Structures are given as structure tokens and as C-alpha cells.
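The exercises below are to be worked with the structure in view. Each has a task sentence, followed by a solution in steps.

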Amino acid sequence: MSSSPMIAVAGPSGSGKTAWMSQFFADQSRPLFYFCPGLGTISVDLARVAYQFPWVQVIPDDQVVQAFSNLPEDAQVFVELGFHLDLTSSFLASLPCHRVAILPIAFTDSEWHGWADEVIPGNEIAIADHPDLPAIWRSPLTGQVFDPPSLDTVWNEIIGGAYGQVQRAKGIFEMPDGRAFHIDFVNGLPGSEYTELMIPRWLDGRPDRFSGIEVIGWTVDQEAIAQAIVDACLPDEAIAQYQQQVRQLVEATA
């Protein structure tokens, strides 16, 4: 990897940008920063980085100028650029960074090739035959807890095309046993990836920490997805019952 203190990473959705950066996030020997412009506060990616690598300082959009002007001398900054961003924008052009494009091998000539200082092979995602960029739908789920079988049903409907043509879907979901999972689907890759987040179990009512979902695709029926998700959530009584059972099990095995 380049010795530049700032690494900008770009590529199509699902190519493996966050996965590539994660190998460097494990290094706790220097101050690490992560910035993904344009995500706002409803961001699965920002939350996942914060949960998995709590020592990495996530920079919000409204604090980027202050953060960049007060970086420690030995800091390493990773800037993840979403597929929807204009790589020729004045802001991106002004960043003094090493530019890395994470691209499928099938991508041989693209705007990312012209932009990058370095091209790294990424996931062999399916190349959508569509003239327009996909739309992004994000929704917070904070406080919601899911019935696992119902969540699996809704998830498979989403990625299976029941609500539109989906290129990418990812989310952080709270389970009734207090655990939280990150689920990730990329069109062209086999199945969905389920990853348990190594954060404390939440066993006291509705979780007061971020969870959410993001769907990228074309003609996505957002209202139908939102209703299906609501139908998969558990009521307060069921959440309390599950949590009591888990607490009793934990106490019995302590």
C-alpha cells in the first residue's frame, strides 16, 4: 500500500472497497480515520466500521474540514467513494491522496481506470445491463428486533427481485437473543454473507444503537419493502420474553 497518509478508494457497488480497507483497519499501531462522503447519518457502512473497529475514528460529513485540518502526523485516512459520486468533482480533485480503484477483472476500461493511481482486483460482481445508475434506498431500523425466520423470508424476497431489480443489499439487524448481524448481498456473488458483529448483547428492551438497511437497484418498491420489514419485527412482549430467557441462560452457565 502507498505511504500516502490519505488513501481514496473507489469502485462499483459490491466490488469490495470496504473489505479491502478492513485489512488495514486491524492495525492499531497508528491513528486511523475513515470518511465516506455523502452517507449522512443513516449509514450501514459507517456503523459497521464503528462496531467492528472501534479504534478507527469515523468522520461525519459535517466534521470533515475540521478533522482533516487537525490530523495527527502519523495518521492514516481512508476515504471511501461511493459509485454515485462524480470522480471529477472539485472536492475529490483537491484531496492530496493516493487513489485506489477496486474493480472486477471484467472491467477493463472505465472512469475508475482513468482516475486511479492503482487498480486492485475486486469481487467479480454481475455487470448490470442498465443505462442508468441504480437508486439507493436507506432506512434506519434502530430499536427494531427481528424474528429470524421472518427476516430471512423478507431478505430473500428483496434479493430475489420481489420488490425490484436489486444490485446490492446490506443491513445491520438486531436479533431477539441480543446479538446483531451484518447481512450483505451482491448480485453475481453466491448467496448472502452473514456476519455477527462483535458488540455486547442487548438484553434490556429495544436496542438503543444504530441498525439499518440499504438497498441499491432499479424500480425498487420502497414502500413495499418498508412494510415487509415492519411485519418481520417483534412486538415488545416477545422481545422481553426472549431477553428474559437469554438472561436466565447466561446466569445459569456463569
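**Exercise 1: a residue in the last helix**

Task: State whether Q241 counts as buried, partly exposed or exposed, then place Q241 in the chain.

Solution. Step 1: Q241 has 48% relative accessibility and therefore counts as partly exposed; buried means under 20% relative accessible area, exposed over 50%, and partly exposed in between, with a 1.4 Å probe and protein chains only. Step 2: the residue belongs to helix α8, residues 236–253. Helices (H or I, at least four residues) and strands (E, at least two) are DSSP runs, numbered from the N terminus. Step 3: the C-alpha atoms of Q241 and P176 are 9.0 Å apart in space, while 65 residues separate the two in sequence.

The model is predicted: local features need pLDDT of at least 70 and side-chain atom pairs count only at pLDDT 80 or more, whereas totals for chains, interfaces and linings use all residues. Residues are numbered from 1 along each chain as its sequence is written, and side-chain values use heavy atoms, with hydrogens and water left out.

**Exercise 2: the chain as a whole**

Task: Find how many helices and strands the chain has, and what its radius of gyration is.

Solution. Step 1: the chain has eight helices and 11 strands. Step 2: a compact globule of 254 residues would have a radius of gyration near 18 Å, and the 19 Å of the chain agrees with this. The radius is taken over C-alpha atoms, and the globule rule is 2.2 Å times the number of residues to the power 0.38. Step 3: along the principal axes, the C-alpha atoms fill a box of roughly 55 × 45 × 30 Å. Step 4: 48% of the 254 residues count as buried. Step 5: of the contacts (heavy atoms within 4.5 Å) between residues at least 6 apart in sequence, 70% join residues at least 24 apart.

**Exercise 3: the two sides of a helix**

Task: Which residues of helix α7 are buried, and which are exposed?

Solution. Step 1: α7 spans residues 222–232, and I225, A228, I229 and A232 are buried there. Step 2: these residues cover an arc of only 100° around the axis, so they are on the same side of α7; the arc is that of the directions from the helix axis to the C-beta atoms. Step 3: E223, V230 and D231, on the other side of α7, are exposed. Step 4: the buried residues pack against β7 (135–140), α6 (148–159) and β11 (212–218).

Task: Find what I159, a residue of α6, touches.

Solution. Step 1: leaving out residues up to four places away in sequence, I159 touches A169, F185 and S192. Step 2: for I159 and A169, 10 residues apart in sequence, the C-alpha to C-alpha distance is 7.1 Å.

**Exercise 4: three loop residues**

Task: Say what sign the phi of T219 has, and where T219 is found.

Solution. Step 1: T219 is in the loop between β11 and α7. Step 2: its phi is positive, about 50°, although T219 is not a glycine. Most residues other than glycine have a negative phi. Step 3: T219 counts as exposed because its relative accessibility is 74%.

Task: Is C97 buried or exposed, and what does C97 touch?

Solution. Step 1: C97 sits in the loop between α4 (90–94) and β5 (98–103). Step 2: its relative accessibility is 15%, so C97 counts as buried. Step 3: not counting residues up to four places away in sequence, C97 touches S4, M6, I7, A8 and D117. Step 4: D117 is 20 residues from C97 along the chain, with 9.6 Å between their C-alpha atoms.

Task: Describe the place and contacts of G38.

Solution. Step 1: G38 is in the loop between β2 (32–35) and α2 (44–52). Step 2: G38 counts as partly exposed, at 47% relative accessibility. Step 3: apart from neighbours within four places in sequence, G38 is in contact with D61 and R138. Step 4: the C-alpha atoms of G38 and L85 are separated by 8.4 Å, with the two residues 47 apart along the chain.
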